[in-house]
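Please work through the exercises below with the sequence and the model in view. Each task is followed by a solution in steps.

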Amino acid sequence: MKARAWLGGLAVVLIALGAGAYAFRGEFSTRLLERSARSAMQTSLRAQLPDGLHAAFCGTGSPLPDRTRAGPCLAVIAGQHTFVFDAGDGASETLSLMGVNQSEIEALFLTHIHSDHIDGLDTVALQHWANGPAETPLLVVGLPGTARVVAGLNEAYALDQSYRAAHHGPEVMPPGGAGMTAREFALPLADGEETEVHNADGVRIVAFRVDHAPTEAVGYRVEYGGRSIVISGDTSRSASLTQAARGADLLIHEAISPRLDAIMHQAARDAGRENIGAIFHDILDYHTSPEDAGHVAQEAGVGALAITHFLPQTPLPGLAHTFVQDAKRNYEGPVFAMRDGDVISLPREGGMLRSHHLRF
């Protein structure tokens with residue numbers, strides 16, 4: 001009886017405490033926000049990383065809806081320099097949550113002009129302007145057509161930019177820092193041909209053609225401090241990519257799972273959604289299977305393979321691991337299924353580190 005009474009009393013106390021906590025939940029949350037906001041404002045991913053080359057995954061998704069993955073985006077931090085490759089929907093938000101100051105982005109490189117790789121450009125440009133404040137527009141570098149995209153987005157957001165500049169004033173939002181400016185380069189014509197698109201302060205970036213027909217597309221190789229990262233962009237298995245990736249420390253490769261894609265294709269057809277079913281069928285021929293991504297990594301002799309741009313979506317636990325298992329059939333090195341917020345670090349002195357940096 002005493003034990004029951006004691007337990008009953010304890011239950012009453014716990015209920016009272018819980019009710020009190022619930023009643024003051026707004027105040028508790030406000031205090032927590034104060035601490036979180038101070039920490040967030042002081043956080044700089046670049047400052048936390050050792051000197052070297054770092055791949056920060058700010059978007060590992062595709063055009064297909066996936067609440068856990070932003071559209072294609074990769075930030076590469078090379079010493080004290082920050083570059084971004086592609087900017088899909090949600091990329092800017094993920095960059096912010098990772099602690100990447102978007103005003104520090106020196107250039108944003110496009111692999112190709114597909115909607116899922118450019119539909120976050122406007123938000124990155126806004127944050128590039130507002131976070132600094134930036135005195136010059138965001139530089140966007142890509143194949144012919146890039147200037148047309150940039151001009152269209154600048155026009156679309158011209159009124160917004162004028163309103164923000166008028167409201168906050170030129171000290172906070174300098175008019176010269178709004179929007180984007182474009183720089184185009186020609187598509188390399190042959191396998192093995194590369195175009196140098198950046199070379200300054202020890203950072204070298206070259207572009208090479210990949211096979212994403214009918215879309216013209218490139219991948220990139222970034223070198224700094226004796227380390228190297230190769231970015232496939234969107235492509236079917238490509239000899240030029242294998243050649244460009246030779247000896248790289250890290251190969252970041254897109255992938256489509258034929259097994260999972262077949263499930264989506266059949267589900268669409270069974271539902272009478274023939275148009276969607278046709279799209280799931282058609283996308284197979286200009287993306288790379290995990291098995292083939294493993295072949296490329298093995299032939300190129302890279303240090304590790306990171307899979308991104310998951311097709312189709314991976315909403316269930318374990319689905320992303322099927323990509324890893326399939327790639328490992330042909331590649332002996334480490335294979336990673338990347339998530340938004342992941343960072344792979346290649347310190348100047350050697351080695352490889354993997355960490356996660358989403359703050360909220």
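The exercises that follow concern a predicted model, and they treat its disulfide, its cavity, a sheet and one histidine.

**Exercise 1. The disulfide**

Determine which cysteines the disulfide joins, and state whether they are buried or exposed.

*Solution.*
1. The structure holds 1 disulfide.
2. The partners are Cys58 and Cys73, with an S to S distance of 2.1 Å. A pair of cysteine sulfur atoms counts as a disulfide within 2.5 Å, so this pair qualifies.
3. Cys58 lies in strand β1 and Cys73 in strand β2; the two are 15 residues apart, and the pair links distant parts of the chain.
4. The angle about the S-S bond is -75 degrees, and the link is left-handed.
5. Both cysteines, Cys58 and Cys73, are buried.

**Exercise 2. The cavity**

Describe the largest cavity by its volume and its lining.

*Solution.*
1. There is 1 cavity of 30 Å³ or more in the structure.
2. The volume of the largest cavity is about 170 Å³.
3. The lining is made of 17 residues, and Pro72, Asp86, Ile231, Ile252 and Thr308 are the closest to the cavity centre.
4. Two or more lining residues come from each of β1 (52-59), β2 (73-78), β11 (250-256) and β12 (305-311).
5. By residue class, the lining comprises 7 nonpolar, 7 polar and 3 charged residues.

**Exercise 3. The sheet**

Give the strand order of the open sheet of 7 strands, and explain why one side of β7 and of β13 is left without a neighbour.

*Solution.*
1. The order is β7-β8-β9-β10-β11-β12-β13, and the pairing is mixed.
2. β7 (194-200) and β13 (335-337) stand at the edges; each has a single partner strand, so one side of each has no neighbour in the sheet.
3. On average, neighbouring strands of this sheet are turned by 25 degrees against each other, direction ignored.
4. β7 and β8 (residues 203-212) run antiparallel and are joined by 6 bridges.
5. Within this pair of strands, Glu196 has Val206 in β8 as its bridge partner.

**Exercise 4. A histidine in a helix**

Locate His295 and explain why it counts as partly exposed.

*Solution.*
1. His295 belongs to helix α12 (residues 290-300).
2. The relative accessibility of His295 is 28%. Buried means under 20% and exposed over 50%, so His295 falls in between and counts as partly exposed.
3. Arg237 is 58 residues from His295 along the chain, and their C-alpha atoms are separated by 8.9 Å.

How values were computed: Residues are numbered from 1 along each chain as its sequence is written. This is a predicted model: local features need pLDDT of at least 70, side-chain atom pairs count only at pLDDT 80 or more; totals for chains, interfaces and linings use all residues. Side-chain values use heavy atoms; hydrogens and water are left out. On a 1 Å grid over the protein atoms alone, a cavity is a set of points where a 1.4 Å probe fits but cannot get out, and a pocket is an open set with protein on both sides within 12 Å along at least five of seven lines; lining residues have an atom within 4 Å of a point. Grid points are joined across faces, edges and corners, and a volume is the space filled by probe spheres set on the points. Helices (H or I, at least four residues) and strands (E, at least two) are DSSP runs, numbered from the N terminus. Ala, Val, Leu, Ile, Met, Phe, Trp, Tyr, Cys and Pro count as nonpolar, Asp, Glu, Lys and Arg as charged, and the others, Gly among them, as polar. Buried means under 20% relative accessible area, exposed over 50%, partly exposed in between (1.4 Å probe, protein chains only). Two strands pair if DSSP finds at least two bridges between them. Axes are lines fitted to C-alpha atoms, for helices over the stretch in contact, and angles run from 0 to 180 degrees between N-to-C directions.
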